[in-house]
Amino acid sequence: MAGAAAEERRLATVVASWQQRPVLVVGDAMLDEWRFAESERLCREAPAPVLTLRRRISAAGGAANTAVNVAALGGRAALVAPVGADVAGDELHDCLDRAAVWDRTVSQPGRHTPVKRRMLAANQILLREDSGSPEDGLDADAVARLLTALHCATEELRAVAAGQPVTLVVCDYGLGALPSAIRAWLVANRDRYGTVALDAHDLADWRGLNPTVVTPSFAEATRLLARAAAGFAHAERDAVPPGSDLHLDHPAETDGPSELMVGAAPGGSGDPAPGGPHPASGTPAAEAPAGPTGEPVPGEERVALTGDGLSVTGTGVTVSAAAGAGVDRAVLAESRLPELRAHTGADVVAVTLDTEGAVVGGAEGEPRRSHSTPVPASHAVGAGDAYLAAMTLALAADAGLPTAAQLAQLAATVTVADTGTCVCRRQDLLAALGTGVDEGGHPALVGADELDALVDEHRQAGRSVVFTNGCFDVLHPGHVRYLTQARALGDLLIVAVNSDGSVRRLKGPDRPVNPVEDRTALLAALACVDHVVVFEEDSPARLIEAVRPDVYVKGGDYPPEMVPEAPLVRRLGGQVRTLGYVPDRSTSAIIDRIRAQSHSMSERTERSEGRERMPDQHSMSERTERSEGRAAMPDQQHSPAVGEGRPA
């Protein structure tokens, strides 16, 4: 249990570290519309249900939902995308405003905002109507304004980044928001961004970007392999005989499938040279079908085990069954991670497998497989956006790949509880980790190494900080009243708790009664406590220097000048306050009462059994007090009875 709690706390620390991290999202923004209806009869004209509309919900979709997830998870998100000057565009602006996303979209009259309208009955999707297409291209003026918006949004984020590099997320869903001029600008300005994440239906269009992470679906990954096999360069394309398959053998020492057969990508392999033959069909470029656009067709996500191998329908990708009947999409994706990294130039590749989780791999270490819980399709819309947002924020916060993958999968999983477009809020992610949060979404239990950033954030919001410390071994009403009074002296209260080793050094070998995990959990559950931190030293001086509290509180009926930490607090610009006791309330008194009751019970038992009480039990309480060095010492170090009511 302690190990699990430590892991949850470590992950919560990463979530805390990405707070207000600047992220620029660019790409295809769309509006998700959900229409919930009821059906009680069939119509006379056809065997079709008659639907009565009961509720309508609009939500950001595509790149806009990725930006919303970044903001909901605690990042500072700005969105640059073309949006139509229409009703759907107005609704999308409202969605961005409600989510606190910096709306830097560019309006283009005459262009329709892409919309996905879903009609549901009994929470079952009956149909989806899409509007907006890649044919609604951007004119030269819109491209120029998008480039200006990209530059300005980047500089805006840099101005508020406090020295942190701006993170870039590219969401290219083939709907025309990222023409070649925009792609070229992003590639040329790659060095203006730190972490770069790419989610694209056609990854081959982004050669040269060298992203930090790419998150293709299984179909998008196999599509890239198909295009790579056909050859990206025009000369390579011309050398590929029409309709031929290329064989890319696994190295002999690998454990994956023995062979991967890659043909031409569905719908062609991109934009061939003007007038040149199309690689898949041999037809002139003008007559050849366009490269893959929009969403992959359903068949591209389908995998079937055939008699001669495992086929990915519609992609031209076939894996020999020699590796065994257990070969599945995860095995295939894991075996091709090095090639996907090479073709994209990415440090990390995360192949998402919808209900089967994801396979993630980087340059070092073993690939990581994550799993998800199968849910109805209407619950999973936008879960990939939550995955992308959390993965990007974690990598931008310098988290290790296993940690980033774990948080990304968790963010996607916690969003699929109900029908609608998925958004993962920071407090939901922390709740899934088992850590409490304050009103601002910050974890209640924090690490000493994250206090600086946490306190800075509170101060930037204009909050004053109150700090106190102690053992808090047996939490009682005296503690609660003391902490409530301390909280009233400022906007938030940080409580530093002595570790078990520190308590033993201060109180003797029989203390603490409760381990630090229990003591901090109880404190974190109090409404008056905002943050709890554990320290190993005997003195809280190091934490005081890190927090620089506006008010430092100790308990006792003595002047603040007697507090040992007073000179340090005042040197740091804070004030020292002492709070009086709650009568007859102290940890030592509670422990003594328990021991006295145990002693009395033992005496009664001995009398009933006709035996004399052992002489060394007479002075148990006295010996305890001597081992603690004094009878009236408080439960907190360096000062009388902090929060304990009165001396023992």
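**Stop 1: helices H4 and H5**

Select H4 and H5 in this predicted model; the crossing of these two helices is right-handed. H4 covers residues 140-159 and H5 covers residues 180-188, and the pair packs at an angle of about 25 degrees with axes 10 Å apart. With angles under 35 degrees counted as roughly parallel, H4 is therefore roughly parallel to H5. Next, display the side chains at the contact. From H4, show Val143, Leu146, Leu147, Leu150 and His151; they meet Ala181, Ile182, Trp185 and Leu186 of H5. Classified by residue type, this contact of H4 with H5 comprises eight nonpolar residues, one polar residue and no charged residue.

**Stop 2: the whole chain**

Zoom out to the full chain of 648 residues, of which 50% count as buried. A cartoon representation should show 20 helices and 25 strands. If a contact map is available, consider the contacts with a separation of 6 or more: residues 24 or more positions apart account for 69% of them.

**Stop 3: the nonpolar cores**

In soluble globular proteins, nonpolar side chains tend to be buried together. Here, select Trp18, Leu79 and Met391, which touch the most other members of the largest nonpolar core, a set of 62 residues. Then add helix H10, residues 383-396, which gives the most to this core, with ten residues. Separate from that core is another one of 44 residues; Val166, Phe218, Ala221 and Val351 are among them.

Return to Leu79 and display its surroundings, leaving aside neighbours within four places in sequence. Its contacts include Val25 and Ala29, then Ala63, Ala64 and Ala67, and also Leu96. A run from Val101 through Trp102, Asp103 and Arg104 to Thr105 is in contact with Leu79 as well.

**Stop 4: H10 against H11**

Keep H10 in view and add H11, residues 401-414. The two helices pack at an angle of about 150 degrees, and their axes are 8 Å apart. Since angles over 145 degrees count as roughly antiparallel, H10 and H11 are therefore roughly antiparallel to each other. The crossing of H10 past H11 is right-handed. On the H10 side, select Ala383, Ala386, Tyr387, Ala390, Met391, Ala394 and Leu395. On the H11 side, select Ala404, Ala405, Leu407, Ala408, Gln409, Ala411 and Ala412. By class, these residues of the contact of H10 with H11 are 13 nonpolar, one polar and no charged. Met391, already selected at the core, belongs to this contact too.

**Stop 5: H10 against H2**

Hide H11 and show H2, residues 63-72, whose axis comes within 8 Å of that of H10 and crosses it at roughly 50 degrees. H2 and H10 are therefore oblique to each other. This crossing of H2 and H10 is also right-handed. The residues to display in H2 are Asn65, Thr66, Asn69 and Val70, which meet Asp385, Ala386, Leu388, Ala389 and Leu393 in H10. The contact of H2 with H10 divides into five nonpolar, three polar and one charged residue. Ala386 of H10 appears in the contact with H2 and in the contact with H11.

**Stop 6: a buried loop residue**

Is Thr419, in the loop between H11 and H12 (426-432), buried or exposed? Thr419 is buried, with a relative accessible area of 14%, and buried here means under 20%. Not counting residues up to four places away in sequence, Thr419 touches Trp34, Phe36, Leu120, Asn123, Ser378 and His379.

**Stop 7: backbone details in loops**

Go first to Asn210, in the loop between strand S11 (196-200) and strand S12 (213-214). Its phi is near 50 degrees, a positive value in a residue other than glycine. At 43% relative accessibility, Asn210 counts as partly exposed.

Now select Arg548, in the loop between helix H17 (541-547) and strand S24 (551-555). Arg548 is not a glycine, yet has a positive phi of about 50 degrees. With a relative accessible area of 42%, Arg548 is partly exposed.

End the tour at Pro512, which is placed in the loop between helix H15 (500-507) and helix H16 (516-524). Display the backbone from Arg511 to Pro512: this peptide bond is cis, with omega near 5 degrees.

Methods
Residues numbered from 1 in each chain as written. Predicted model: local features only at pLDDT ≥ 70, side-chain atom pairs only at ≥ 80, totals over all residues. Heavy atoms only, no water. Axes fitted to C-alpha atoms, helices over the stretch in contact; angles between N-to-C directions. Helix = DSSP H or I, 4+ residues; strand = E, 2+ residues; numbered from the N terminus. Parallel < 35°, antiparallel > 145°, perpendicular 65-115°, else oblique. Left-handed = near helix turned anticlockwise from the far one by under 90°. Contact = heavy atoms within 4.5 Å. Nonpolar A, V, L, I, M, F, W, Y, C, P; charged D, E, K, R; others polar. Core = buried A, V, L, I, M, F, W, Y, C linked by side-chain atoms within 4.5 Å. Buried < 20%, exposed > 50% of the residue type's maximum accessible area, 1.4 Å probe, protein only.
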